[in-house]
Amino acid sequence: MPEIHVESLVKQFGQNRALDDVSFTVTEGELFTLLGPSGCGKSTTLMSVAGFQSPEQGRIAVGGEVFFDASSRVNVAAERRNLGIVFQSYAVWPHMTVFDNLAFPLKVRKEKRAAVRARVHEVLELVEMRHLADRYPHQLSGGQQQRVALARALVYSPSVLLLDEPFSNLDAKLRERARAWVKELQSRLGLTTVFVTHDQDEALSMSDRVAVMSLGEVQQIGTPEEIYRRPSNRFVAEFVGRVNLLSGQVAAWERGRVALELDGGRKLWVDAEQAPPPSSRLTLAVRPEALKVEPADTSTLNGSNTLDAHVKSFAFLGDRYQYELDASGLALTAQVSRAVVGEHVKVHIPADACAIVE
Amino acid sequence: MTTTTYDAPLPRRRGRSLPTAGLLQWGTWVVVVGLILGPFVPLLYASIRDRPLYEGGGLFTLDAYRDLFSDAKFWRAALHTLEYAGMTTALSVVAGGAVAILVARTDLPGRKLYGRLTLLPLLLPSLGIVLGWIVVWGPGGYLSSFFETHLHLPTLDVNTIPGMSVIEATRLLPVAYMTCEAALARADSSLEDAARSAGATPLRVLRSVTIPMLRPALLNSGTLIFTLCIASLGIPLLLGTPRNIQFVSTYLYLQWTNAATPDSPLVSAGAMLLLAVATLLLLLRNRMLGAEARYVSVAGKAGRTAMLRLRGWKWPLGLAVALYIVFSTLVPVLGVALMSFVAFLTPLIAPWHLFTWANWDILGTGVYLRSIEHSALLALVGGVVTTAVVALATLVAHRSKLPVRKSLPFVMLYPRAIPGLIIGIGFFWAFLLTGGVGGWLRGGIWGILLAFCIRNLPFAYVVMYPTMARIGEELDRASRSVGAGWWRTCRSIVLPLLRPALFASFVLMFVEILNDYDPALFLVRPGTEVIGTTMLDTFLQGFVGPVASLAMVQVGVTVIVLALGTFVFKVRVTGGHDA
């Protein structure tokens with residue numbers, strides 16, 4: 001399975017920059033996700049790799065082969081790139097049976113009939129659809145259609161697999177099962193895969209690495225943990241999960257820690273590898289579940305980074321509780337596994353749970 | 001299944017697809033654009049020469065236009081055309097809109113059936129229907145004399161401009177009806193529900209919400225109907241000429257055919273003028289309309305309750321619509337049918353005393369048989385060829401990356417706005433100027449076929465486009481991604497999915513070409529007649545009987561083909577006419 005190199009893609013739609021210097025590398029066997037809200041350029045990027053969009057600048061190579069290079073005017077036609085794609089709508093051809101859908105790519109490659117039969121059945125077996133080979137797409141459920149789409153994208157052993165929001169048309173229950181199944185298949189076959197989604201849960205749970213995109217730019221590339229715990233900017237922090245944003249002025253720096261003076265005069269110690277410019281303003285991102293909330297009379301939470309707060313509202317979310325807190329004007333959202341009694345609480349912000357995003 | 005099988009990659013696809021696809025796409029574009037716009041070049045050329053193109057020599061001059069504008073007869077004809085087009089447009093738009101509202105938004109009994117029957121005049125042969133009007137309502141006609149002698153009631157004089165407008169309006173009303181019905185079907189009826197829940201009475205909703213919502217559809221269909229009226233030749237020729245009422249179309253036709261030496265630059269100049277007006281109207285219409293809205297398919301929400309309860313008006317209005325359908329469609333067809341079995345038609349003598357097979361027997365001979373054979377052949381070949389070419393052109397227009405593809409939809413809709421007469425004159429000059437091939441086309445029926453195909457291809461496009469638009473683009477992309485080239489994708493994915501529309505297009509083209517006549521008037525010569533031209537010729541010579549039986553042949557074949565199309569191939573044929 002080859003690597004995918006995407007370098008400095010630029011694409012303009014009228015006045016809009018759909019892609020602005022998009023670069024990334026997908027390593028062999030990796031499941032790489034492009035995550036972002038609609039219109040962020042993730043699908044344009046994927047379709048550029050597939051050959052259905054032509055950027056104005058940049059270079060795309062898969063394995064040793066250059067598919068696209070604006071500077072030397074290379075643009076390999078989509079049908080000659082040998083990629084497997086699962087489309088958002090599945091695009092299972094409605095006038096062909098499941099078998100014929102899978103056989104088509106092989107017929108295009110002028111395979112012998114017997115070989116086509118054997119290969120199609122083999123791949124149908126792989127996606128557990130062998131018994132439905134003679135069905136037409138309209139006789140299949142959404143989940144089954146998706147399997148056909150995936151099987152069709154695998155049947156000709158493409159060099160890489162591209163998934164364009166493949167789960168968005170499934171209902172919530174089915175979606176979770178499908179995710180696990182696709183992930184398992186992908187890692188078993190060792191398929192180099194690019195996956196596009198706007199769903200952060202999907203991105204975090206399935207990916208080896210994630211590229212978060214916004215307004216045509218890559219905001220951050222990292223493992224799901226890095227993206228979630230160490231968002232590199234405000235957009236990433238807010239887009240991937242719920243977050244508290246705290247702003248303040250740098251008051252001191254010592255041995256990997258910054259003292260931040262929050263609006264209102266309270267001080268917060270935060271881990272920081274590099275010294276920020278003195279007196280600069282910083283914004284911190286803290287996940288709600290990283291906050292510790294205890295009753296006001298507790299003695300376990302004392303000292304630095306602990307604030308007194310007032311409970312404005314709380315909600316039961318099934319597996320946890322969510323508190324909306326007001327710490328003398330500072331609004332915080334906290335998620336804890338046990339309910340805390342009382343209107344007044346103490347809230348602790350761990351120094352290692354804060355990411356500097358601005 | 002293990003990873004090992006997977007690791008043995010299959011060969012990449014072989015062969016080259018791109019250059020052939022490009023060639024095919026460019027070829028299609030050149031052929032379609034060339035054939036549609038090509039004939040207008042020699043037409044323009046002919047209009048600015050001082051003598052007919054078939055005479056050698058000559059100079060460039062604007063004399064033809066000067067002659068045209070200084071001819072009082074031309075101005076009178078232009079005035080008549082305006083009067084005629086204006087009256088027809090008003091009538092058919094108002095009535096068509098009303099029928100659409102009745103069918104789509106009320107509990108009128110039998111409204112579904114009415115909806116279908118209202119469309120019939122579009123598909124029935126227009127020359128035959130005009131003949132039906134003449135034999136039934138014309139001077140000394142079956143019903144007009146009956147009304148006069150027995151009921152002492154005056155009837156509408158069909159040989160006046162208002163009379164002709166009424167007949168033309170019944171022919172074109174379906175255009176307004178279809179556009180309005182489609183607009184109502186896709187309009188969100190919750191807008192009307194909202195007005196009702198806000199306290200408006202149904203009539204108030206009709207006045208304040210429904211009719212304003214229809215305004216774009218009314219304007220759009222009105223412009224199209226106006227354009228079609230200007231282009232109309234059949235009714236003006238058959239009904240206006242006897243009273244010497246000339247219209248622009250008949251003026252040009254008679255200048256060409258009746259004059260001892262036809263002033264061909266003058267006729268060409270007049271044709272150019274008509275072409276310019278029709279083009280302007282088409283551009284105007286495109287401007288008024290969002291390019292997309294025009295193609296939205298007719299698909300209503302099922303099971304919607306009727307908004308407006310007609311109560312006491314239910315049966316009177318139902319009867320009115322029924323009477324309209326009976327008198328506009330059924331009676332003329334019956335009149336023609338009766339006419340074809342009698343020596344002459346008069347209310348004074350019972351028809352069985354005048355019964356004869358002569359009108360049908362004569363169809364087996366000479367020019368009549370030849371015309372029927374030609375028309376059937378042209379309809380069959382034309383239906384297949386036009387469907388194939390338009391399918392290819394539609395694929396290029398909407399499913400390719402050809403740089404010039406966006407010009408195709410406009411070009412393919414263009415002939416709809418152009419008088420058939422002008423297409424005929426254009427091809428006449430084009431054949432004359434293109435040497436051997438042109439001469440061959442001019443000498444046989446294939447030149448006529450070409451003109452018919454070009455004239456009617458907008459219908460094929462309008463039938464195909466909505467279906468193609470519904471075929472998701474990801475289906476093509478999926479095919480490309482698995483290694484199929486453009487043409488392979490079209491062949492294996494898009495065209496099979498387009499099959500119902502291809503059938504519909506064939507049926508529609510067959511019927512249209514079978515019944516068409518005016519583009520052929522300038523191209524026909526002894527030995528290459530088609531049904532329409534023979535009917536017109538025979539009628540102008542004063543023999544009505546054979547015209548009636550020819551019309552019945554058209555009606556019969558049209559009905560059979562439409563029925564086959566509807567019930568065997570399950571196609572909705574009428575969809576094309578609101579282009």
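**Exercise 1. Confidence along chain B**

Task: In this predicted model, find which element of chain B has the lowest mean pLDDT and which has the highest, and then locate stretches where the pLDDT is below 50.

Solution: Begin with the elements of chain B, where helix α1 (residues 3-7) has the lowest mean pLDDT, 39, while helix α18 (residues 366-399) has the highest, 93. Next, set these values beside the chain as a whole, for which the mean pLDDT is 82 and 91% of the residues reach 70 or more. Then look for the stretches of low confidence: the pLDDT stays under 50 over residues 1-11 of chain B, and the model has 26 contacts beyond four places in sequence for them. Over residues 291-303 of chain B the pLDDT is also below 50, and this stretch has 22 contacts in the model beyond near neighbours in sequence. Finally, for the complex, the predictor gives an ipTM of 0.81 and a pTM of 0.83.

**Exercise 2. Two aromatic pairs**

Task: Classify the ring pair A:F314 and A:Y323 and the ring pair B:W256 and B:W429 as stacked or edge-to-face.

Solution: A pair of aromatic rings is described by the distance of the centres and the angle of the planes. The whole structure holds 28 aromatic pairs over all chains. In one of them, the rings of A:F314 and A:Y323, the centres are 5.4 Å apart and the planes stand at 15°, so this pair is stacked; the cut-off for stacked rings is planes under 30 degrees apart. A:Y323 counts as buried because its relative accessibility is 2%. For B:W256 and B:W429 the centres are 6.1 Å apart and the planes stand at 75°, so this pair is edge-to-face. B:W256 belongs to helix α14 (residues 248-257) of chain B and B:W429 to helix α20 (residues 420-433) of chain B, so the pair ties together parts that are 173 residues apart in sequence. Both B:W256 and B:W429 are buried, and ring pairs link them with B:Y253, B:F428 and B:F522 into a cluster.

**Exercise 3. A nonpolar surface patch**

Task: Decide whether B:L564 is buried, partly exposed or exposed, and name the patch that contains B:L564.

Solution: First place B:L564 in helix α27 (residues 545-568) of chain B. The relative accessible area of B:L564 is 44%, so this residue is partly exposed; the class lies between under 20% for buried and over 50% for exposed. Lastly, B:L564 forms a nonpolar patch on the surface together with B:I560, B:F567 and B:V568, and their accessible area together is about 430 Å².

Conventions
Residues numbered from 1 in each chain as written. Chains lettered and ligands numbered in written order. Predicted model: local features only at pLDDT ≥ 70, side-chain atom pairs only at ≥ 80, totals over all residues. Heavy atoms only, no water. pLDDT = per-residue confidence, 0-100. Helix = DSSP H or I, 4+ residues; strand = E, 2+ residues; numbered from the N terminus. Contact = heavy atoms within 4.5 Å. Patch = residues over 30% accessible without salt bridge, like charges linked within 9 Å, V, L, I, M, F, W, Y side chains within 5 Å. Areas by Shrake-Rupley, 256 points an atom, 1.4 Å probe, with all protein chains shown as cover. Salt bridge = Lys/Arg side-chain N within 4 Å of Asp/Glu carboxyl O. Buried < 20%, exposed > 50% of the residue type's maximum accessible area, 1.4 Å probe, protein only. Phe/Tyr/Trp six-rings, centres within 6.5 Å; stacked < 30°, edge-to-face > 60°.
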